[in-house]
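Student: I am new to this structure. Please show it to me, and I will ask what the terms rest on.

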Amino acid sequence: MAPSHVLVPLDGSPLAEDALEHTLEVFDCKITVLNVVTPLDTHMSEGGVLEVEDSRLDEAYTRADRLIERACSQSATVDRSIETAVETGKPTDSILTYIDTSDVDHVVMGGHGGPKPGPLHRLLGTVATTVVSKAPVSVTVVR
C-alpha cells in the first residue's frame with residue numbers, strides 16, 4: 001500500500017539529499033522534511049568538546065534554515081511542494097517522536113556507515129539503525 005505521508009530527515013549530508021530526491025521521484029503523497037538541531041550540551045554535538053555559546057546555537061538554527069530552504073528549492077525543481085519542520089533534540093528521539101505525532105506512515109533517510117560494532121551500524125549508521133529498529137512504520141534507507 002502506498003504511503004500517505006513520508007518523512008525525510010535531513011542532516012545536510014549528500015545521502016540525505018539523495019533520500020529527498022528518491023522520495024520526490026517515487027512517492028506521490030505528502031512529504032515532510034525534518035531537520036533536528038542537536039542541543040550543544042549532548043554527546044552528539046560538539047558541546048561535549050567546546051564550551052556552549054548562544055552564537056553557536058544560533059548558527060545551528062541558521063544552518064537548519066538553509067537546509068530547509070535547499071530542500072524546498074530541490075522540490076520546486078520537480079514541481080512538488082513539501083512541508084518542513086525543525087526540531088531540537090537527539091536526532092533519533094526527535095525523528096521517532098515526529099513519526100508518532102504527525103501521522104507519518106513511511107520514512108526515507110540517508111544511511112551513514114560507521115565504525116561501531118555490528119553489521120547494521122557499519123552499513124546504516126547509528127541514527128538510521130535506531131530508526132529502522134524502533135520506528136512503527138516502514139523505513140527506506142538510501143545509500
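Student: What makes residues 54–76 helix H2, and how far does H2 reach?

Tutor: Helices are DSSP runs of H or I with at least four residues, strands are E runs of at least two, and both are numbered from the N terminus. H2 has 23 residues and reaches 33 Å from its first C-alpha to its last, close to the 33 Å expected at 1.5 Å a residue; the expected span is 1.5 Å times one less than the number of residues. This is a predicted model, where local features need pLDDT of at least 70, side-chain atom pairs count only at pLDDT 80 or more, and totals for chains, interfaces and linings use all residues. Residues are numbered from 1 along each chain as its sequence is written, and side-chain values use heavy atoms, leaving out hydrogens and water.

Student: Why is Glu17 called buried, exposed or partly exposed?

Tutor: Buried means under 20% relative accessible area, exposed over 50%, and partly exposed in between (1.4 Å probe, protein chains only). Glu17 has 28% relative accessibility, so Glu17 counts as partly exposed. Arg70, at 41%, is also partly exposed.

Student: How do you know that Glu17 forms a salt bridge with Arg70?

Tutor: A salt bridge needs a side-chain nitrogen of Lys or Arg within 4 Å of a carboxyl oxygen of Asp or Glu. The closest N and O atoms of Glu17 and Arg70 are 2.9 Å apart, so the pair qualifies. Glu17 lies in helix H1 and Arg70 in helix H2, so the bridge ties together parts 53 residues apart in sequence.

Student: What makes Glu83 and Lys30 a salt bridge?

Tutor: Their N to O distance is 3.7 Å, which is within the 4 Å limit.
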